[in-house]
Amino acid sequence: LVLGVTALVLLLLIITMTRNLMGSINRLVGTMKAAQGGRLSVRTTIDPQTPTEIQIIENQFNQMMGELERAAVKEKEAGEKQRKAEIAALEAQINPHFLYNTLDSIGQLCELGESVSACQMVRELSDFYRIGVSKGENLISLKEELLHVSSYLSILQTRFEDFSFQIQAPESLENVLVPKIILQPLAENAVYHGIRPFRPDGTILISAQLTDDMLELLVTDNG
């Protein structure tokens with residue numbers, strides 16, 4: 001009789017432990033499936049009655065999900081920053097205020113009968129945006145980059161008539177690849193902050209040269 005009772009108790013204990021174990025496993029599997037469906041905020045509830053080994057697995061799973069969720073948030077933030085940077089880059093290429101002002105100047109030249117100057121500005125504007133887009137390429141030849149900044153400065157020179165510019169670059173460097181639109185922001189800064197506030201006859205010099213086998217681009221002004 002005692003042996004029978006003991007066997008019954010052991011059987012009930014085994015059944016209980018098995019049910020707890022299976023319940024814990026099923027709970028963990030359900031949580032994993034939810035996570036697999038994209039719910040990174042899910043966590044499994046750790047039951048003190050669960051076997052220690054399962055608790056360790058559940059705890060590790062929760063830690064992993066926490067790290068994954070934090071990583072996803074950082075990635076999302078980084079993605080948003082990247083999209084903002086891309087939008088800013090596109091806006092810099094489009095340069096809407098520059099476009100509006102240039103079109104307005106072209107209209108004024110046409111009204112004044114200065115068709116030659118108007119046509120020249122149209123060509124320069126076309127070069128400016130053609131090179132700025134460059135079929136999505138990030139690297140362009142130095143020749144194209146210099147034409148881009150030259151078109152930009154020529155348009156401003158026609159509009160303001162209060163500065164001049166020079167570009168000095170040996171032909172041997174024309175095919176060297178450079179990052180697109182690196183000179184125009186510097187030239188813009190030289191016009192608006194280096195020359196126009198201080199003198200009506202300033203000069204901007206853009207030069208390219210090799211120094212220790214490195215391409216050196218310089219934008220200087222005498223403002």
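Let me start with one residue, tyrosine 152, which counts as buried at 2% relative accessibility. Before I go further, I should say that what we are looking at is a predicted model, and that I will keep to what can be computed from its coordinates.

Tyrosine 152 belongs to helix 5, and its ring is paired with that of phenylalanine 98, which lies in helix 3, residues 96–111, so the contact ties together parts of the chain that are 54 residues apart in sequence. The structure holds 4 aromatic pairs, and in this one the ring centres are 4.9 Å apart with the planes at 40 degrees, so the pair is classed as tilted. Phenylalanine 98 is itself buried, with a relative accessible area of 5%, and, together with Phe128, the two rings form one aromatic cluster.

Let me stay with helix 5 for a moment. This helix covers residues 142–160, which is 19 residues, and from first C-alpha to last it reaches 27 Å, close to the 27 Å expected at 1.5 Å a residue. Its buried residues include Leu142, Leu146, Val149 and Leu153, but also Glu145, His148 and Ser151, and there is an unbroken buried run from His148 through to Leu156. In general, an α-helix has 3.6 residues a turn, so residues three or four places apart point the same way. Directly after helix 5 comes glutamate 161, whose phi is positive, near 55 degrees. As for phenylalanine 160, arginine 196 lies over the face of its ring, at 3.7 Å from the ring centre.

Now the wider view. The chain has 6 helices and 5 strands, and, read along the sequence, these follow the pattern α-α-α-α-β-α-β-β-α-β-β. Of its 223 residues, 29% count as buried, while the chain as a whole exposes about 14,600 Å², of which carbon and sulfur atoms supply 58%. If we take the contacts with a sequence separation of 6 or more, 63% of them are between residues 24 or more positions apart.

Turning to the strands, which is the part I would ask you to follow on the structure, strand 4, residues 202–211, is joined to strand 2, residues 163–168, by 6 bridges, and these two run parallel. Strand 4 is also joined to strand 5, residues 214–221, this time by 8 bridges and in an antiparallel arrangement. Isoleucine 206 shows both relationships, since this residue stands opposite isoleucine 167 and also opposite valine 219 in strand 5. Strands 4 and 5 form a hairpin with 2 residues between them.

That brings me to the backbone angles in two loops. Aspartate 212, in the loop between strand 4 and strand 5, has a phi near 55 degrees, a positive value in a residue other than glycine. Isoleucine 181, in the loop between strand 3, residues 177–179, and helix 6, residues 184–195, likewise has a positive phi near 55 degrees. Are these two residues buried or exposed? Isoleucine 181 is buried, with a relative accessible area of 17%, whereas aspartate 212 is exposed, at 71%.

To close where I began, the pairing of phenylalanine 98 with tyrosine 152 links helix 3 to helix 5, and tyrosine 152 is buried at 2% relative accessibility.

Terms used: Residues are numbered from 1 along each chain as its sequence is written. This is a predicted model: local features need pLDDT of at least 70, side-chain atom pairs count only at pLDDT 80 or more; totals for chains, interfaces and linings use all residues. Side-chain values use heavy atoms; hydrogens and water are left out. Helices (H or I, at least four residues) and strands (E, at least two) are DSSP runs, numbered from the N terminus. Buried means under 20% relative accessible area, exposed over 50%, partly exposed in between (1.4 Å probe, protein chains only). Contact means heavy atoms within 4.5 Å. Accessible areas come from the Shrake-Rupley method with a 1.4 Å probe; for residues, only the protein chains shown count as cover. The expected span of a helix is 1.5 Å times one less than its number of residues. Rings of Phe, Tyr and Trp (its six-membered ring) pair if their centres lie within 6.5 Å; planes under 30 degrees apart count as stacked, over 60 as edge-to-face and the rest as tilted. A charge sits over a ring if NZ of Lys or CZ of Arg is within 6 Å of the ring centre and within 35 degrees of the ring normal. Two strands pair if DSSP finds at least two bridges between them.
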